Amino acid sequence: MDLQSTVLRQLKNRREGFSLEQPFYIDQDYFKLDMETIWYRDWLFIGHDCEIPKAGNYFTVQIGDYPVVVVRGKDGVIRAFHNTCRHRGHRVCTKESGASAKLVCPYHQWTYDLDGSLVFARQMGEDFDKAQFGMKHVACESVGGYIFVCLAEEPSDFAPVRATIEPYMKPHRLWEAKVAHKNTIIEKGNWKLVWENNRECYHCAGNHPELCRTYPEAPTATGVQGAKDDPFISEHWARCEGAGLPSEFTMDPSGQFRVARMPLIQDAESYTMDGKRAVKRPLSDDVPISHIGTMLLFHYPTTWNHMLGDHAISFRVLPISAEETAVTTTWLVHKDAVEGVDYNVEDLTHVWNMTNDQDRAIVEENAFGIRSPAYEPGPYSADHEGGVMQFVEWYSNFMINRLQGDKARLSAVA
Ligand code: FES
Ligand SMILES: [Fe+2]
C-alpha cells in the first residue's frame, strides 16, 4: 500500500479524542506528506508589515524546501518571491533581513527590481530576453499588519480569512507598530506537537508559574467552545465591543482560524510578573479603554497571537524536519514607544521567554516519549483539551479531504 493510502486509512480509522499514531509525529515520509499537503498549499503567516517599513526593506524565510524573500516595493506594496536566482539558482538574498534599492544576486550579479523584474544580466547576448527571467512570485497578502504567503500555484481565496480577522486586528494598528524584540527557538518535536501543546492550558498550572499570574488557565480562554454563558467573559465582550473592539469568539467553519478577545486574570493588563503594563505608551491610539485583555488569533498551521493594550506578541511556527520546529516570537509596541523610557526589553519579554522555554521542554519530552515503541495514542481530556481535539480534527479532516481530492484527480487522469 502506498503512503497516501496508509495515511488515509489511519486518519479515517483514528480513534476520536485520542492523540495520533506514532509515525505522524516522527516519520520523515509522513512529514513530507504534511509539507506537500498543507504547508506548500496553504496561507502561512511569515512576518509583519512593520518589519519592512520602507521601500527596499526585505526579510527572508525558509518554508520547508522553499527559500522565500519578502520585499516592500517603491510603490509601498509588499511582494514575495521565490528566493532562487533565475540564472543558476543561487539565493538572491542571503541575509535574514536587509535593505537594498535592487535585489542583486551575489553569484553573477543578476539584478532584479523590487517588483521582481530582471533589470540587469551581464553579457547574456543580443537575443537574451530579460522579461522571461524575473523572480518567481509567491502569493502574498497583508492583513492588519500581518503578512501571509501561499506557495501554491493556485492559492485558495484569502478573502474569508481577511473578512473574519481584519476587524478584530484593525484597532491595534499593527501595520505601523515597532518590533521591540524578536527571537527564534528550535523545539525538537514535530510541528503538530507544538500546536497540541499550544491549544490547551491543562498543562499551564503545573508548568507556567509566570504566565499563570495573568493568563486564565480556564479552557474557555484557550478552547474552542466559545464562552457566551460565562458572565465574566460576556461582560468583557460587551464592554470591549461598546468601545469599538470586536471581541466575540468567532471560529471559521473550517476550524482553521479563530479570533476572540479574552479577559486576563483580575486586574491584569499585560503579561508581566505583576500584571501591570510592560509598555507605558499604549499600543494603539484607536483603543479608547484599558483592561481589554488579550485578542487571541490563531491560524493553522503557522500562527497564534496575543494583542494586548500595551503590546502584541506574534508566534510563527515553521517545521524544519519531522522532529524539529522553529518558533519565532515577535513583540510589537507602539512605533513611538522608546526603549529605556516607555519599556525595557527584559520586563516586556520575560513572561513569554520563560513560557516558551517551558513549552519547548514539554514538547521535547513529549516527542521523546512518543519515540518509544511502547507509545500508543492516548485520550485527551474533554474538559481541558477541547482545543487540542479541535486541532487534531482539523488536521485529520484537512488531510483526508486533500488526499482524497488528490486521489480522485489522479484516477481521473489515469
Ligand atoms: S546564479 Fe544568480 S547571477 Fe548567477
Ligand atoms: Fe504552554
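This report covers the iron site, a cavity and two aromatic pairs in a predicted model.

## Iron site

The iron ion (ligand 2) takes its protein donors from three residues: His203 through NE2, His208 through NE2, and Asp359 through two OD atoms. These donor atoms lie 2.0 to 2.6 Å from the ion. In sequence, the donor residues follow the spacing H-x4-H-x150-D.

The angles among the four donor atoms run from 54 to 152 degrees, and the site is irregular. A tetrahedral label would need all angles between 85 and 135 degrees, so the range of 54 to 152 degrees rules that label out.

Both histidine donors are buried, given the cut-off of under 20% relative accessible area. Histidine 203 has a relative accessible area of 12%, and histidine 208 has one of 1%.

## Second largest cavity

Two cavities of 30 Å³ or more are present in the structure. The second largest has a volume of about 50 Å³. Its lining consists of Phe45, Ile46, Gly47, His48, Glu51, Lys182, Ser314, Arg316, Thr328 and Thr330.

Strands β1 (44-48), β16 (312-321) and β17 (324-333) are the elements that give two or more residues to this lining. The largest share, four residues, comes from β1. Sorted by class, the lining of the second largest cavity has five polar, three charged and two nonpolar residues.

## Aromatic pairs

The structure holds 27 aromatic pairs. In one of them, the ring centres of tyrosine 271 and tryptophan 352 are 5.9 Å apart. Their planes stand at 85 degrees, so this pair is edge-to-face. The pair links distant parts of the chain, with the two positions 81 residues apart in numbering. Tyrosine 271 sits in the loop between β13 (257-262) and β14 (294-299), whereas tryptophan 352 belongs to helix α9 (residues 345-370). Tyrosine 271 counts as buried at 0% relative accessibility, and tryptophan 352 counts as buried at 7%.

Another pair is formed by tyrosine 300 and tryptophan 394, with ring centres 4.9 Å apart. Here the planes are at 45 degrees, so the pair is tilted. Tyrosine 300 is in the loop between β14 and β15 (303-307), and tryptophan 394 is in helix α10 (residues 386-413), so the pair ties together parts 94 residues apart in sequence. Tyrosine 300 and tryptophan 394 are both buried.

Terms used
Residues are numbered from 1 along each chain as its sequence is written. Chains are lettered from A and ligands numbered from 1 in the order in which they are written. This is a predicted model: local features need pLDDT of at least 70, side-chain atom pairs count only at pLDDT 80 or more; totals for chains, interfaces and linings use all residues. Side-chain values use heavy atoms; hydrogens and water are left out. Donors are N, O and S atoms within 2.8 Å of the metal (3.2 Å for Na, K and Ca); water is not among the atoms, so sites may look incomplete. Four donors count as tetrahedral if all angles lie between 85 and 135 degrees; four count as square planar and six as octahedral if opposite donors are over 155 degrees apart and all others between 65 and 115; anything else is irregular. Buried means under 20% relative accessible area, exposed over 50%, partly exposed in between (1.4 Å probe, protein chains only). On a 1 Å grid over the protein atoms alone, a cavity is a set of points where a 1.4 Å probe fits but cannot get out, and a pocket is an open set with protein on both sides within 12 Å along at least five of seven lines; lining residues have an atom within 4 Å of a point. Grid points are joined across faces, edges and corners, and a volume is the space filled by probe spheres set on the points. Ala, Val, Leu, Ile, Met, Phe, Trp, Tyr, Cys and Pro count as nonpolar, Asp, Glu, Lys and Arg as charged, and the others, Gly among them, as polar. Rings of Phe, Tyr and Trp (its six-membered ring) pair if their centres lie within 6.5 Å; planes under 30 degrees apart count as stacked, over 60 as edge-to-face and the rest as tilted.
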